[in-house]
Amino acid sequence: MMQLHVSNLTMSLAGQELFAIAKVPAMQRRRLSSLAKLALNNAIHVLDLGKADYIVWVSQYGDEAKTLNILEDVLKDQTPSPTQFSTSVHNAISGLYSILCQDATPATSLAGSWNDGLVEAYAWLKTVPNARQVLVIYYEASLPDIYVEHQSFSAFSMAALVSLQPANLTVNPNIMIEAQAHFKQALRFYDFWQNTDQSQYEAWTKC
């Protein structure tokens, strides 16, 4: 069992006005993909509420639309955009945040689920001396419809600060049922956490 303290759980949704990302200069902000804007907006907003000693960026597919554009250019014998290539890798959004916000906080990027992010945060908090808080940020956009895994949904980003004490969430890794589409797990956790009448769901128990 993992016992964690989750605070400042927030979500940024496609179509919302993104206030926190205004800290990024306009010229650089315009070059960001819509998914990067959501993720950076959420990260900046949560870090305005509290400090993190470590950041875990989590997404199942990342900015996959950029990868598809590169593949389409190759098929047409066109030279892929160097900018698009450099920002298509899975840890690109993490790197962009570090550069644009001048934040040298240690970070990792996972191809996984919200639960994977919680496990990574827990492991870091338990093994790093004087560790206090971890920012876990999950972001996802629907795959282009050419992929068989495509499921239509609005892009979003969800983030929270995670620490060990005082515990308000128990996570049971033994019953972590992973759906093929990890975005559903993140959305289910958000609904569970906001529902004051629900104390247990799947691997999660409020305490």
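## Exercises on helices, loops and buried residues

At 13% relative accessibility, His182 counts as buried, where buried means under 20% relative accessible area, exposed over 50% and partly exposed in between (1.4 Å probe, protein chains only). The model is predicted, so local features need pLDDT of at least 70 and side-chain atom pairs count only at pLDDT 80 or more, while totals for chains, interfaces and linings use all residues. Residues are numbered from 1 along each chain as its sequence is written, and side-chain values use heavy atoms, with hydrogens and water left out.

### Exercise 1: His182 and its helix

Find the helix that holds His182, and work out which residues touch His182, leaving aside its neighbours within four places in sequence.

Step 1. His182 lies in helix α7. Helices (H or I, at least four residues) and strands (E, at least two) are DSSP runs, numbered from the N terminus.

Step 2. Helix α7 covers residues 182-194, which makes 13 residues. From first C-alpha to last, α7 reaches 19 Å, close to the 18 Å expected at 1.5 Å a residue; the expected span is 1.5 Å times one less than the number of residues.

Step 3. Look for buried side chains along α7: they belong to His182, Phe183, Gln185, Ala186, Phe189, Phe192 and Trp193.

Step 4. Beyond those sequence neighbours, His182 is in contact with Gln60, Gly112, Ser113 and Tyr138. Contact means heavy atoms within 4.5 Å.

### Exercise 2: Two helices that pack

Describe how helix α2 and helix α5 pack, and name the residues that meet.

Step 1. Locate α2 at residues 34-49 and α5 at residues 92-100. Their axes are 10 Å apart and the angle is about 55°. Axes are lines fitted to C-alpha atoms, for helices over the stretch in contact, and angles run from 0 to 180 degrees between N-to-C directions.

Step 2. Put the angle in its class: α2 and α5 are therefore oblique to each other. Angles under 35 degrees count as roughly parallel, over 145 as roughly antiparallel, 65 to 115 as roughly perpendicular and the rest as oblique.

Step 3. On the α2 side you will find Leu35, Ala36, Ala39, Leu40, Ala43, Ile44 and Leu47, which meet Ile93, Tyr97 and Leu100 in α5. By class, this contact has 10 nonpolar, no polar and no charged residues. Here Ala, Val, Leu, Ile, Met, Phe, Trp, Tyr, Cys and Pro count as nonpolar, Asp, Glu, Lys and Arg as charged, and the others, Gly among them, as polar.

Step 4. Now look at α5 by itself: Ala92, Ile93, Ser94, Tyr97 and Leu100 are buried. The buried residues of α5 pack against α1, α2, β2 (54-59), α4 (82-86), β3 and β4 (134-140).

### Exercise 3: Backbone details in the loops

Where are Gln102, Glu202 and Pro166 found, and what is the backbone like at each of them?

Step 1. Gln102 is found in the loop between α5 and β3 (107-111). Although Gln102 is not a glycine, its phi is positive, about 50°. Gln102 is exposed, with a relative accessible area of 74%.

Step 2. Glu202 sits in the loop between β7 (200-201) and β8 (204-206). Its phi is near 50°, again a positive value in a residue other than glycine. Glu202 is partly exposed, at a relative accessible area of 26%.

Step 3. Pro166 is in the loop between β5 (156-163) and β6 (169-171). The peptide bond that joins Gln165 to Pro166 is cis, with omega near -10°.
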